[in-house]
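Let's take a walk through a small report on one protein chain. Have the picture handy as you read.

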Amino acid sequence: MGRAWIVRRLTGQTSTRVYTCPGCTHEIQPGTPHVVVWPDDGLGGADDRRHWHSRCWQARDRGRYGR
């Protein structure tokens with residue numbers, strides 16, 4: 001369905017920054033397990049990566065997001 005993505009699951013153990021989840025627009029605090037995704041088209045770079053709550057990423061196609 002649509003675009004292909006590379007998904008990397010992070011434990012949060014090395015996270016030091018706060019990110020905003022594009023699914024729910026809530027913050028992902030340092031130390032929180034989450035996923036980082038970027039397009040699998042060979043184009044773009046680090047600016048194309050997005051940090052999502054794991055549940056928000058799983059629910060993205062259903063239009064339901066949540067922490």
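Below we go from the overall build to the surface and then to the pocket.

## The overall build

First things first: this is a predicted model. The protein chain has one helix and five strands. Start at the N terminus and you'll meet the elements in the order β-β-β-β-β-α, so try tracing that path in the picture.

How much of the contact count with a separation of 6 or more comes from residues 24 or more positions apart? In the protein chain, that share is 46%.

## Inside and outside

The protein chain has 67 residues, and 27% of them are buried. As for the outside, the accessible surface adds up to about 4800 Å². Carbon and sulfur atoms own 46% of that surface.

## The largest pocket

Now for the pocket. The largest one has a volume of about 340 Å³, and 18 residues line it. Which of them lie nearest its centre? Look for Leu10, Tyr19, His34, Val36 and His51.

Several strands help build this lining: E1 (5-10), E2 (19-20), E4 (34-39) and E5 (50-52) each supply at least two residues. E4 gives the most, with three residues. Sort the lining residues of the largest pocket by type and you get five nonpolar, nine polar and four charged.

Technical notes. Residues are numbered from 1 along each chain as its sequence is written. This is a predicted model: local features need pLDDT of at least 70, side-chain atom pairs count only at pLDDT 80 or more; totals for chains, interfaces and linings use all residues. Side-chain values use heavy atoms; hydrogens and water are left out. On a 1 Å grid over the protein atoms alone, a cavity is a set of points where a 1.4 Å probe fits but cannot get out, and a pocket is an open set with protein on both sides within 12 Å along at least five of seven lines; lining residues have an atom within 4 Å of a point. Grid points are joined across faces, edges and corners, and a volume is the space filled by probe spheres set on the points. Helices (H or I, at least four residues) and strands (E, at least two) are DSSP runs, numbered from the N terminus. Ala, Val, Leu, Ile, Met, Phe, Trp, Tyr, Cys and Pro count as nonpolar, Asp, Glu, Lys and Arg as charged, and the others, Gly among them, as polar. Buried means under 20% relative accessible area, exposed over 50%, partly exposed in between (1.4 Å probe, protein chains only). Contact means heavy atoms within 4.5 Å. Accessible areas come from the Shrake-Rupley method with a 1.4 Å probe; for residues, only the protein chains shown count as cover.
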